[in-house]
Structures are given as C-alpha cells and as structure tokens.
Amino acid sequence: MKVVVGERNLRPHREMFESLVPAGVEISWHRAFDEKELVADLTDADVYVGGRFTPAMAHAAARLRLVHTGGAGTDKVSFEDLRAGTKVANTFHHEDSIAEYIVATTVALRRDLPSQDHALRQGMWASAVYRDDVAQPRTLRGATVGYVGFGHIGRRTADLLGAFGARACAVTGSGRVGDDAGLEWYGDTSELDRLMADSDVVVVSAPLTVDTEGMIGRAQLELLGPGGVLVNVGRGPLVVEQDLYEALRGAHIGGAVIDVWYHYPTSGDRGHPSELPFGELPNVLMTPHVSGVTHDTFVGRVRDVTDNIVRLAEGRELARVVWPRP
C-alpha cells in the first residue's frame with residue numbers, strides 16, 4: 001500500500017504517523033502543495049492525505065481507494081472527478097483549539113485590547129480612567145452569543161463561554177442541535193435574522209455549501225448592530241466580503257474576528273487575504289486561518305488518519321466517511 005501525504009500540518013508528527021501504520025506501507029511525504037509533483041506521485045497511490053484534491057490529481061490516481069482530508073473541510077475536494085469506488089473521509093479534533101481561540105479573541109476585541117496595546121506603544125493611555133471618549137467595556141456575563149452552526153465547535157464554545165455567564169442561541173441547517181446544551185432557543189437558518197438581532201456576539205462555524213455561501217450579508221450585519229462582534233471561523237465566503245468590509249468601516253457593527261478568508265496564498269506564505277483593505281480597519285482582529293492549528297489538534301488527526309489506513313489495509317469498514325454520502 002502506498003500513502004501520499006500532502007497535508008503539511010501532519011509533518012511535525014511524522015514519526016508518530018509512521019509508527020501507527022502497518023509495516024510495509026510506503027509513505028511519500030510532500031513539504032508543500034505542488035499539484036504537478038502530486039499528480040506524478042499519485043499514479044500508484046492507494047491513499048491521499050490532504051485537504052485539496054484537484055481534478056488533475058483525481059484523473060492521475062488510477063488505483064486510489066481513499067482521500068483522507070487532514071481536517072474537517074471537504075470543500076476543496078473535486079468529488080465529481082473521483083473514480084468509482086474512491087471514498088473520502090475527514091477528521092476533526094479541532095473543537096477545543098477553536099473554542100479556545102474564539103474565547104480569547106472575543107474577549108480581546110470586546111475589551112478593545114489590540115487598540116489599547118497599539119496606543120500604549122505610542123505612549124497613549126486609551127482607558128476610560130484617563131479619557132472621556134473611551135467607554136468602559138462590558139464583560140460577557142449576560143451577553144447573548146449566537147451560533148451559526150452548532151456542531152463540534154459551537155457546542156464546545158458554548159460550554160466555555162457559558163462559564164463566563166454568557167447566554168446562547170443557535171441556528172443550523174436542519175434546525176436540530178441534539179442535546180440543546182442550555183441554549184435559550186434554536187431553529188433553522190430561516191431564523192438567522194432573529195439570531196443576528198438577539199446577539200451581542202455571533203460565532204460563524206457553518207460549513208460552506210451552495211446554500212450557505214453569502215448567508216450573512218448587509219441586512220444581517222445591520223441587525224447585529226454597532227455593539228455587536230462577528231467571529232468567523234467557518235469559511236470566508238459565508239459572509240459577503242464587501243458587506244462585511246463596509247459594515248466594519250462604517251462602524252455598523254462593533255468589530256469582527258476573521259480567521260477564514262476570501263483569498264489564500266497559492267505558493268509560499270505571501271498573499272493578501274482579501275482584495276479589500278481589512279488590515280486598515282481598527283475594529284478587526286485578523287489571523288491567518290490558525291484557530292484550529294495546534295499540536296493537540298493534529299495529534300488527534302494523525303490518530304484518525306492512521307486508524308483509517310489500518311482499516312483499509314485490513315479490509316475493515318472505514319470511519320468518518322463523507323463520500324459516498326452515508
């Protein structure tokens with residue numbers, strides 16, 4: 001069996017990965033995504049591990065049996081080009097890391113810590129203690145946090161923010177949340193406007209589909225209002241790019257934490273995340289899609305990926321299969 005690994009975040013755990021697969025499995029590691037190199041390497045591969053799987057890769061991989069993403073997202077997998085019999089599986093283990101990120105960045109933005117840090121470096125004390133034009137910030141106690149999507153991430157975040165005394169509501173595609181986890185209310189996405197109006201903080205972690213792309217636009221941001229904070233850890237295009245920029249620039253919402261973007265580097269580590277100058281806005285906390293990138297996340301993902309490689313080698317049923325759809 002040959003396994004091609006194109007997920008660079010697994011490389012720090014190479015020794016662990018190789019110790020968990022059956023003896024005799026050939027593993028080909030790639031330092032970065034290079035479609036041409038991957039196409040050549042996939043001609044005799046049984047498994048590909050990585051979040052991006054292009055039509056050219058699919059056409060080259062004549063004997064491929066499994067595409068295993070290195071994370072939860074499958075929006076960069078060219079499903080329509082997969083050969084019959086090829087399965088796709090994903091993995092999570094990011095909920096603790098992303099929930100921790102959401103808590104940290106939400107508190108930082110609501111307390112205006114980035115601006116205060118910047119001001120103090122210039123010798124200015126941007127505090128209500130010293131200036132009349134600086135408001136005393138609010139804590140999260142009694143605040144309402146609305147969740148757009150309430151899966152692993154939303155549920156874990158609600159647990160953590162609940163410890164601060166925050167209330168919670170949620171909308172999901174199906175309108176179901178399982179155990180309601182102490183939510184004030186929940187419904188399907190037809191109630192998105194209600195959620196935006198009710199919330200002081202909105203956490204977006206829904207999957208990107210043809211139905212969810214652009215689900216939050218100008219009207220929804222206006223409902224969130226000038227005191228509200230939007231946190232997007234799902235996918236950039238869930239929120240209309242131009243509308244978000246204009247809402248932030250005009251202070252129609254209080255601020256935004258943006259970890260997921262509209263443009264990504266195609267090679268190397270350089271590239272603007274948007275055609276719009278979000279970086280010039282003082283009410284944005286920008287990060288390069290790092291909310292789930294921790295040691296803990298990828299140790300768990302290595303275990304999931306290698307578990308499925310073992311299952312495939314032994315002819316057993318695979319876990320966490322998303323294609324063909326269950």
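**Notes on a predicted model with two open sheets**

1. Helix H10, which spans residues 295-314, lies across four strands, namely S1 (2-5), S3 (47-49), S4 (66-68) and S5, and its direction makes about 170 degrees with that of S4. A reader new to this structure should keep in mind that the model is predicted.

2. The strands that H10 lies across belong to an open sheet of six strands, whose order is S2-S1-S3-S4-S5-S13 and whose pairing is mixed. At its edges are strand S2 (26-29) and strand S13 (321-323), each of which pairs on one side only. From one strand to the next, the twist in this sheet averages 25 degrees.

3. The pairing at the S13 edge can be followed residue by residue. Strand S5, made of residues 87-89, is joined to S13 by two bridges, and the two strands run antiparallel. Within this pairing, Ala-89 has Val-321 of S13 as its bridge partner. In general, the strands of a sheet pair through backbone hydrogen bonds, and they may do so in either a parallel or an antiparallel manner.

4. A second open sheet is formed by seven strands in the order S8-S7-S6-S9-S10-S11-S12, and here the pairing is parallel. Its edge strands, S8 (185-188) and S12 (284-286), each pair on one side only, while the twist averages 15 degrees from one strand to the next.

5. At the S12 edge of this sheet, strand S11 (residues 255-258) is joined to S12 by three bridges, with the two strands running parallel, and Val-257 stands opposite Leu-285 of S12. Helix H9, covering residues 241-249, packs on the sheet and touches strand S10 (229-232) as well as S11 and S12, its direction making about 135 degrees with that of S11.

6. Glu-18, a residue of helix H1 (residues 14-20), deserves a separate look. Is Glu-18 buried or partly exposed? With a relative accessible area of 35%, Glu-18 is partly exposed, because the value falls between the 20% limit for buried residues and the 50% limit for exposed ones. Leaving aside residues up to four places away in sequence, Glu-18 touches Ile-27 and Trp-29. Although Glu-18 and Val-302 are 284 residues apart in sequence, their C-alpha atoms are 9.7 Å apart in space.

7. On the surface, Leu-120, Trp-125, Val-129 and Tyr-130 make a nonpolar patch of about 500 Å². One of these residues, Leu-120, lies in helix H5, which runs over residues 113-121, and Leu-120 counts as partly exposed because its relative accessibility is 45%.

Notes
Residues numbered from 1 in each chain as written. Predicted model: local features only at pLDDT ≥ 70, side-chain atom pairs only at ≥ 80, totals over all residues. Heavy atoms only, no water. Patch = residues over 30% accessible without salt bridge, like charges linked within 9 Å, V, L, I, M, F, W, Y side chains within 5 Å. Areas by Shrake-Rupley, 256 points an atom, 1.4 Å probe, with all protein chains shown as cover. Salt bridge = Lys/Arg side-chain N within 4 Å of Asp/Glu carboxyl O. Buried < 20%, exposed > 50% of the residue type's maximum accessible area, 1.4 Å probe, protein only. Pairing = 2+ DSSP bridges. Axes fitted to C-alpha atoms, helices over the stretch in contact; angles between N-to-C directions. Contact = heavy atoms within 4.5 Å.
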